[in-house]
Structures are given as structure tokens and as C-alpha cells.
Amino acid sequence: MNQWSLLPMELLNLIEESLDLYHDKVRLRCICSSWRSCLLKMPNHKQHQLPWLLLPHSVGSLCAFFDSLEKKVHKVELPEAGEKVFKGSAYGWVVVAEKSGAIFLLNPLTRNKIKLPPRSKFPDVRKYRADKVGNEYLIWIYSAVLAPGRYQSHDATHVLNYLLRKVILSSSLTSMDFVAVALYGEYGHLAYCKRGDKKWSLIDNKFPSCDDIIFHEGQLYALKCNGQLIVCDIDSCPKPTVTEVAPAYPRIQGGDMYLVGSSSGLMMVRRCIHVDICSVSNKEIYTSKTLSFMIFKLDTSGRNWYQVQSLGDDVLFLGLNSSLAISSHDFPAYKRNCIYFTDVNYNFGLKGTGRPFDEGVFCLDEKKIEPLPTYSSDLNEVWPAPIWVTPNPY
């Protein structure tokens, strides 16, 4: 038999039942589309929560998944990710942005794609001129100083790298009513689109700027750079509403901020970084290096943040992905009370230099950073920075 799709359903079910590892069950569903439709539901297995590192290659169509649990690299052909930039991942899908302004969701296992409205359809874009090389975008820059703002021209590369920070999803793409929410612009504004929309709609552009966004228990939360937590209702009429959940935290200064949802509630994580300048090809390039992390939990009764020194048995995965928390009780291979973090692609000028990415494992018990389990790859070939992805064949 030379067509896998013609395999009898009874035999396919027997094969599926004989597989013990979750990863093998994922691979089984990647053989062909008919098998995925026949084996519609994934088994109820805790390993579906485990993220892998997606390692994009700067040249060609080859990418790889690094499974840090099995310490294995799984190579995949993924031409759709070549010469692109990752802007998020959730539910097994990666948000990919192109220099042309196109934005789409990509499943690295199945290579399925879903288009989102392009960067030219964001609320801050006044004009997009593809023929004006070097000045493709005319963007309205909201300013807290020069109210109400100003127009500014930008080239497509700058907009791709720096003016679209992150995109998250409300639910799995098997749901027909999923929502994508973007953190964009020079000052971290919010916009959203629903399946089938032709443009992005504004949620919030008020100062201070937002640093991270997350869907938690069905609600959209955004974290301001000063620690203020807001909840956004995009379905309210006539326009989305924003409500404060927790006020600004007075001792938050600098660094990158993350929102994490866990079984114990919402957490705010501050990534303390050191910014340096290096010379690459006679150009000064800003680089960042993570020094430590600070953890805050939300007191829902008092509606404020309080600092904690430990995650307990939790393990966090942070980066451009939708932040993820798991329990080391379920996955003993991961060290408890640790944060596994990846680079957030701020160092675009370092492409091809072979310099290491800002990634590692921060242990709160010992207050030190260890390297991520090695994926033995040439850093000249890996670009952009790896991103956490939870494998999902649907």
C-alpha cells in the first residue's frame, strides 16, 4: 500500500493505542490530514502542556524543534518561516510577520496557515506605500509629551522588528470565534482582530505603555510598564472598555515585564536586564543580558501586587510566547522554582554574528542563571531567536 491515507481505520486506532509517548501521538497525526481528521481529539495527557523550542534557521527552509525533556532535536521542513520574524506563540501556533507587512499564524507541525490582517491595517498606520522603499509606512506616534502626537515615516524593516512586539490568542484555532490581540507601536498600545476581520481595531492607547498581555480564565489582561494591571472587554459597545484591576506598583523600575497565569492566579514577573553597547561591522549595537527575575502575585481581595521570593513547585516559560506555568510535580525533569526564558529579539543587529542569545534558566533558590539544555546548533544559522511552542497537530 503506497497511500497512508488508505490505511483501515481499525488498524490506525490500534497503532494509536499502542503509543505511550505523547510526542509519538503527535507525530502520528502529522503523517497526513486524513489521519488528523480520523484521530480528532488528542489524548488527555499532561505532556500536551510541555513547550518545545522552535529553532528557526536563517538560511533555507529547515527548522528544528528541541525537546528539552527528551534532549532531542527534531528537524522539520518549514519554508513558511524562512526570513521571517516570530511575534508570539500559543496553542501550538506561531505568529509570523514578514517584511512585506503580512502577518499569519503557522502550525509548525502541519504547516497550516491562517492569515491575520497585515501591519498596514493597524490603527496607527496612516499610509502604507510599498513602492516607497525606505519610507513605506507613515505612522501616527502617540506621545505623552507632544499631545496629541505626530506623524513619522518608517521603513518596513524597522516596523517589522520594533513596532510589532507580540500577538496572543484567546483560544485554540479549532474555535471559530478566536481573537488575536497585538501589542504594537513605540509605546505599547493594544489592538485586536477576530477571525475574518480585515483590519485591527484599537483597544487602548493610553499612557503608560503596556508591557505584556495575556488571556486568563476567559478575560484579557494587560500589564502596564509601571505595574498597573487592567482588564479589557473587547465586546462592549460602542467600543472596548478598560478597567483597572490593580494600581501601579511603586518599586517597579525598568526591565521587561511579563504576565503569567497559573493555578494560583495571576503573577507579574520583572526581568532585570543589563543593557550594553557592542561594535558590529563598525556599528554600535545595543545588547541586553538578563541578570535576575522578581516575582509578584496578585492579591485579589486587596486588588494589589505583593512580592514573593519563590514560585514553589511551579516552573515558568517566558519569552515572546504566551507565558506558561507548569508544575514540577507533573514534570519532574524540570527544576522546580525556575524560570526558563528565551531572547525577545531586541538585538536584531546581531544577526549572523554568532553571539549567544539572551536565554537560560533562572533558579530562584540559588539566585543564578544556568544555560538552557544545549540544542547543539551553530548560532550563525539560528535566526530569529528560538521561541517556546507547545506542539499541537490541530
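How many residues does the largest nonpolar core have, and which of them have the most contacts inside it? In this predicted model, the largest nonpolar core has 33 residues, and those with the most contacts within the core are Leu105, Leu116, Phe122, Leu164 and Trp200. A second, separate core has 31 residues. The structure holds zero disulfides.

**Nonpolar cores**

- Several strands and one helix each give two or more residues to the largest core: the strands are β4 (85-90), β5 (93-97), β6 (103-106), β9 (137-142), β11 (164-169), β12 (179-184) and β13 (189-194), and the helix is α4 (156-162).
- Phe122, listed among the residues with the most contacts inside this core, touches residues from other parts of the sequence: with neighbours within four places left aside, Phe122 is in contact with Ile103, Leu164, Ala182, Tyr184, Ala191 and Trp200.
- The second core, separate from the one described above, includes Val260, Ile295, Val344 and Val389.

**Asn112 and its surroundings**

- Asn112 sits in the loop that runs between β6 and β7 (113-116).
- With a relative accessible area of 36%, Asn112 is partly exposed, because this value falls between the limits of 20% for buried and 50% for exposed.
- Beyond its neighbours within four places in sequence, Asn112 is in contact with Trp93, Leu105, Leu106 and Asn107.
- One of these contacts, Leu105, is also among the residues with the most contacts inside the largest core.
- Asn112 and Glu80 are separated by 32 residues in sequence, while their C-alpha atoms are 9.5 Å apart in space.

**A nonpolar patch on the surface**

- Val275, Ile277 and Tyr286 together form a nonpolar surface patch, with about 310 Å² of accessible area among the three.
- Val275 belongs to strand β20, which covers residues 265-280.
- The relative accessibility of Val275 is 48%, so this residue counts as partly exposed.

**Cysteines**

- No disulfide is present in the structure, and Cys225 is accordingly in none: the nearest cysteine sulfur, belonging to Cys210, is 8.4 Å away.
- This distance of 8.4 Å does not meet the requirement for a disulfide, because the two sulfur atoms would have to be within 2.5 Å.
- Cys225 has a relative accessible area of 32% and is therefore partly exposed.
- Cys272 is likewise in no disulfide, and the nearest cysteine sulfur to it is that of Cys225, at 15 Å.
- Cys272 counts as buried, because its relative accessibility is 12%.

Notes. Residues numbered from 1 in each chain as written. Predicted model: local features only at pLDDT ≥ 70, side-chain atom pairs only at ≥ 80, totals over all residues. Heavy atoms only, no water. Core = buried A, V, L, I, M, F, W, Y, C linked by side-chain atoms within 4.5 Å. Buried < 20%, exposed > 50% of the residue type's maximum accessible area, 1.4 Å probe, protein only. Helix = DSSP H or I, 4+ residues; strand = E, 2+ residues; numbered from the N terminus. Contact = heavy atoms within 4.5 Å. Patch = residues over 30% accessible without salt bridge, like charges linked within 9 Å, V, L, I, M, F, W, Y side chains within 5 Å. Areas by Shrake-Rupley, 256 points an atom, 1.4 Å probe, with all protein chains shown as cover. Salt bridge = Lys/Arg side-chain N within 4 Å of Asp/Glu carboxyl O.
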